[in-house]
Amino acid sequence: RKGCKLVGCGSAVPSLSVSNDDLSKIVDTSDEWISVRTGIRNRRVISGTESLKKLAVEAAQKALEMADFDPNDLDLILMCTSTPDDIFGSAPQIQRELGCRNSPLAYDITAACSGFVLGLISAASHIRGGGFRNVLVIGADGLSRFVDWTDRGTCILFGDAAGAVLVQACDAEEDGLLSFDLHSDGEGGRHLGAPINDNETDELLGSNGSALDFPPKKSSYSCIQMNGKEVFRFAVRCVPQSIESALEKAGLVSGNVDWLLLHQANQRIIDAVATRLDFPQEKVISNLANYGNTSAASIPLALDEAVRSGKVKPGHTIAAAGFGAGLTWGSAIIRW
Ligand code: ACO
């Protein structure tokens, strides 16, 4: 089969930093409660003239620079996000900002915190079967815009960010995506979501005086609603199974893997999964203390930091897994 490899990464975060102490001024919480239960101490929040698109473009440009790659040679851009600046999708706008003159295909993928892993597998499928060669995968989310900042159960968890990787076709022996495992469970979806508000109609009366069902009111989305305990249970049950399955398909065991890189949702989830899979602490990548849960951005953001700090080196093997709303979850075994 054709190979595909990751050849560059980049990330971007908003300038506004919000600490646990800052949050304790707007909801009844404390730095101690948040850090003990979640491991989170800070998060970045989009403000002023910043936008998700700008973060995504910055992350993408850094990934292209690392790979010394001309944006005109891209032939696909996948924007993995659940919070696009435009409901019709934001990938074509990112393509425009990057200045790709050859009109590469660009579209959004919506899969919450699993979005980046899904985007990566989609990129590989487009390369292996679809004739594409150079695919930019961006994971970016601005969940702060969908958080109820009066709900201490959820507002402490989330932050905004973007991360990106460039995936390129290569010879089979250089393949950098060794295996994957993807799932969803709509039944469990009730535990985590931000559904559209009921589509009520205006109290309009027709010419005969009876109520009209048309036109509908402008729709809006509710804030993030979450059953934290159920999400926690789902993650620690499904993520280790998924990684084990991906490892088996790659003919590996956890001892052969250099890094465990999970979606950064909660340090207790990361620790529980690492223990279940026999990954020692020093092989676990974690940066959620600084950024909180940045949804589709969390894996490429943590990967970018780990690559640029020299932790992840060429040839290293990474077991990455995303999980979240949908419910969706999935793993990819990557060779950097
Ligand atoms: N500060 C202080 N007290 C709080 C806070 C807070 N921020 N939030 C809740 N509490 C209180 C509750 O009111 C409750 O008080 P009570 O006992 O008087 O009723 C008590 O603390 C315990 O609340 P629980 O919700 O039961 O706390 P729990 O131990 O489950 O921790 C948490 C909550 C941290 C959200 C945990 O369930 C969790 O991390 N779950 C996973 C959530 C997650 O990762 N979601 C995102 C993944 S998917 C995605 O990324 C979109």
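Trainee: Do strand 6 and strand 7 pair in the parallel or the antiparallel sense?
Mentor: Strands here are DSSP runs of E with at least two residues, helices are runs of H or I with at least four, and both are numbered from the N terminus. Two strands pair if DSSP finds at least two bridges between them. Strand 6 and strand 7 (residues 160-170) share 9 bridges, and the sense is antiparallel.

Trainee: What pLDDT do side-chain atom pairs need in order to count?
Mentor: Residue numbers start from 1 along each chain, following its sequence as written. This is a predicted model, so to speak: totals for chains, interfaces and linings use all residues, local features need pLDDT of at least 70, and side-chain atom pairs count only at pLDDT 80 or more.

Trainee: Back to strand 7: which residue there is the bridge partner of G139?
Mentor: G139 is part of strand 6, on the side that also has V135, V137 and D141. Follow the bridge across from G139 into strand 7 and you land on G163.

Trainee: And which residue of strand 6 stands opposite I77?
Mentor: That takes us to strand 4 (residues 76-80), which runs parallel to strand 6 and is joined to it by 5 bridges. Look across from I77 and you'll find L136.

Trainee: How many residues of strand 6 are buried?
Mentor: We call a residue buried if 20 or more other C-beta atoms, placed from the backbone, lie within 10 Å of its own; 12 or fewer makes it exposed, and in between it's partly exposed. N134, L136, I138, A140 and G142 point one way, V135, V137, G139 and D141 point the other, and all are buried. For strand 6 (residues 134-142), that makes 9 of 9.

Trainee: Which strands stand at the edges of the open sheet 8-13-12-11?
Mentor: This sheet has 4 strands, with mixed pairing. An edge strand has a single partner strand, so one side of it is left without a neighbour in the sheet. That's the situation for strand 8 (177-184) and strand 11 (259-262).

Trainee: In strand 12, which residue does L261 stand opposite?
Mentor: Strand 11 runs parallel to strand 12 (residues 317-324), and 4 bridges join them. Opposite L261 in strand 12 stands A320.

Trainee: Last one: which elements give two or more residues to the shell around the ligand?
Mentor: A residue is near the ligand if its C-beta atom, placed from the backbone, lies within 6 Å of it. The ligand is surrounded by 24 residues, and the closest are T29, C113, G228, A265 and G324. The elements giving two or more are helix 2 (31-38), helix 6 (152-155) and helix 7 (228-250).
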